[in-house]
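Subject: Structure for your review

Hello,

Here is the structure I said I would hand over. My notes on it follow below.

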2 protein chains.
Amino acid sequence: MTVAAALTKNQSLVLDTLAASQTPLSAYAILDALRPEGLRAPLQVYRALEKLQERGLVHRIESLNAFVACGHPHCQETEMIAFAICERCGTVDEFAEEKVVEGLSLWAERHAFTIQKAAIEIRGICSDCSRPAA
Amino acid sequence: MTVAAALTKNQSLVLDTLAASQTPLSAYAILDALRPEGLRAPLQVYRALEKLQERGLVHRIESLNAFVACGHPHCQETEMIAFAICERCGTVDEFAEEKVVEGLSLWAERHAFTIQKAAIEIRGICSDCSRPAA
DNA sequence: GATTGTAATGTAATACTATTACATATGATC
DNA sequence: GATCATATGTAATAGTATTACATTACAATC
């Protein structure tokens, strides 16, 4: 039985930074946050992000060119995660909706399209932000 | 009754370039294609793209940072268009799948999230490319 | 313990994508 | 023809991502 290798130093730094953030961070924002830790070049961040994404610990938000720590317990299961992005407060909600997955799979089947990955991102105003101010 | 204004020169150039392409084009690819026509700066392309997107004549593919001419007859109707992107040949198929829209709307309703727009992009191998070579 | 192979790291340079700021032109309307 | 909104042109800069190359760390094997 193979055990998942431990995260390396840079990978841990990047993941911790993302996990501590309420909103998605760009690679350069992560870099800036980690300069005190000794990181100096974009590539150090991009490389860590790549590995973290492979493990499903981090997701890239395509419409923002930014990254979030995975919010799901077990993301590996379905490769079709969706994100709800609030335009006001910037928070991102990660979710898996069976009907969406079914719909996309259905289309793919009908058109003999082999899905490798998906980006499903809705943008709008979250419940907190649409509530009248206290 | 207001009539939609005609496209401007730059808008027409950009739209024609996209319509003539089999695959999505980046803003800079469009610019390069239109240098002979006199375009010189990225902004000229971005401005045209912005107007064309407002009219639903062009879509942005978020996961590619690129643009396509609208393939649908009447895109305006549903704001939830999906794209199937072939990793091999680069072609993009535009489609609206009721079930996907329902699924996302459902989640949004349950979470009091007001959807303003969506990016739904699946990537994989299209039917043409998965057929065995002749 | 030296050797070898692999993954991770460090650094610099560069490529690609997008926006801000400011100046000018064009066309419709009054 | 003065005014207003829209479209254009140009330059500079900001933001995102990759290529290329050199080095280091570490585990497996000899």
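Helices (H or I, at least four residues) and strands (E, at least two) are DSSP runs, numbered from the N terminus. With that naming, α3(A) gives the most to the surface near DNA strand C, with 4 residues. Please keep in mind that this is a predicted model.

DNA strand C

DNA strand C is surrounded by 15 residues, and the closest are A:R40, A:Q44, A:R47, B:Y28 and B:R60. Sugar or phosphate accounts for 46% of the strand C atoms within 4 Å of the protein, and bases make up the rest. An N or O atom in the side chain of A:R47 is 2.4 Å from a base nitrogen of DNA strand C. Phosphate oxygens of this strand are approached by two side chains: an N or O atom of A:R40 is at 3.3 Å, and one of A:K51 is at 3.4 Å. The elements that give two or more residues to the surface near DNA strand C are α1 (9-20) and α3 of chain A, together with α3 of chain B. By class, that surface has 5 nonpolar, 5 polar and 5 charged residues.

DNA strand D

Around DNA strand D there are 15 residues, the closest being A:R60, B:T8, B:R40, B:Q44 and B:R47. Of the strand D atoms that come within 4 Å of the protein, 47% belong to sugar and phosphate. In the side chain of B:R47, an N or O atom is 2.5 Å from a base nitrogen of DNA strand D. The side chain of B:T8 has an N or O atom 2.6 Å from a phosphate oxygen of the strand, whereas B:K9 places a backbone N or O atom 3.4 Å from a phosphate oxygen. Two or more residues of the surface near DNA strand D come from each of α3 (42-54) of chain A and α1 (9-20) and α3 (42-54) of chain B. The largest share, 4 residues, is from α3(B). The residues of this surface divide into 5 nonpolar, 5 polar and 5 charged.

The two protein chains

A turn of 180° with a shift of 0.0 Å along the axis lays chain B on chain A with an RMSD of 0.0 Å. That is the relation of a two-fold axis. Of the interface residues of chain B, 100% are also interface residues in chain A, so the copies meet through the same surface.

Nonpolar cores

The largest nonpolar core has 33 residues, and those with the most contacts inside it are A:L104, A:I122, B:L104 and B:I120. It takes two or more residues from each of β3 (82-86), α4 (98-110) and β5 (114-125) of chain A and from each of β3 (82-86), α4 (98-110) and β5 (114-125) of chain B. Leaving out residues up to four places away in sequence, A:I122 touches residues of both chains, including A:F83, A:I85, A:F95, B:L104, B:W107 and B:F113. Another core, of 17 residues, lies apart from it, and B:L13, B:V14, B:L49 and B:L52 are among its members.

One loop residue

A:A96 is in the loop between β4 (92-95) and α4 of chain A. Is A:A96 buried, exposed or partly exposed? A:A96 is partly exposed, because its relative accessible area is 38%, and the partly exposed class lies between under 20% for buried and over 50% for exposed. A:A96 and A:F83 are 13 residues apart in sequence, with their C-alpha atoms 8.6 Å apart in space.

Regards

Definitions and conventions: Residues are numbered from 1 along each chain as its sequence is written. Chains are lettered from A and ligands numbered from 1 in the order in which they are written. This is a predicted model: local features need pLDDT of at least 70, side-chain atom pairs count only at pLDDT 80 or more; totals for chains, interfaces and linings use all residues. Side-chain values use heavy atoms; hydrogens and water are left out. A residue is near a molecule or strand if one of its heavy atoms lies within 4 Å of it. A polar contact is a pair of N or O atoms within 3.5 Å; within protein, one must be able to donate a hydrogen and the other to accept it, and residues adjacent in sequence count only if both atoms are side-chain atoms. Ala, Val, Leu, Ile, Met, Phe, Trp, Tyr, Cys and Pro count as nonpolar, Asp, Glu, Lys and Arg as charged, and the others, Gly among them, as polar. Copies are superposed by least squares on the C-alpha atoms of residues with pLDDT of at least 70 in both. Contact means heavy atoms within 4.5 Å. A nonpolar core is a set of buried Ala, Val, Leu, Ile, Met, Phe, Trp, Tyr and Cys residues joined through side-chain atoms within 4.5 Å. Buried means under 20% relative accessible area, exposed over 50%, partly exposed in between (1.4 Å probe, protein chains only).
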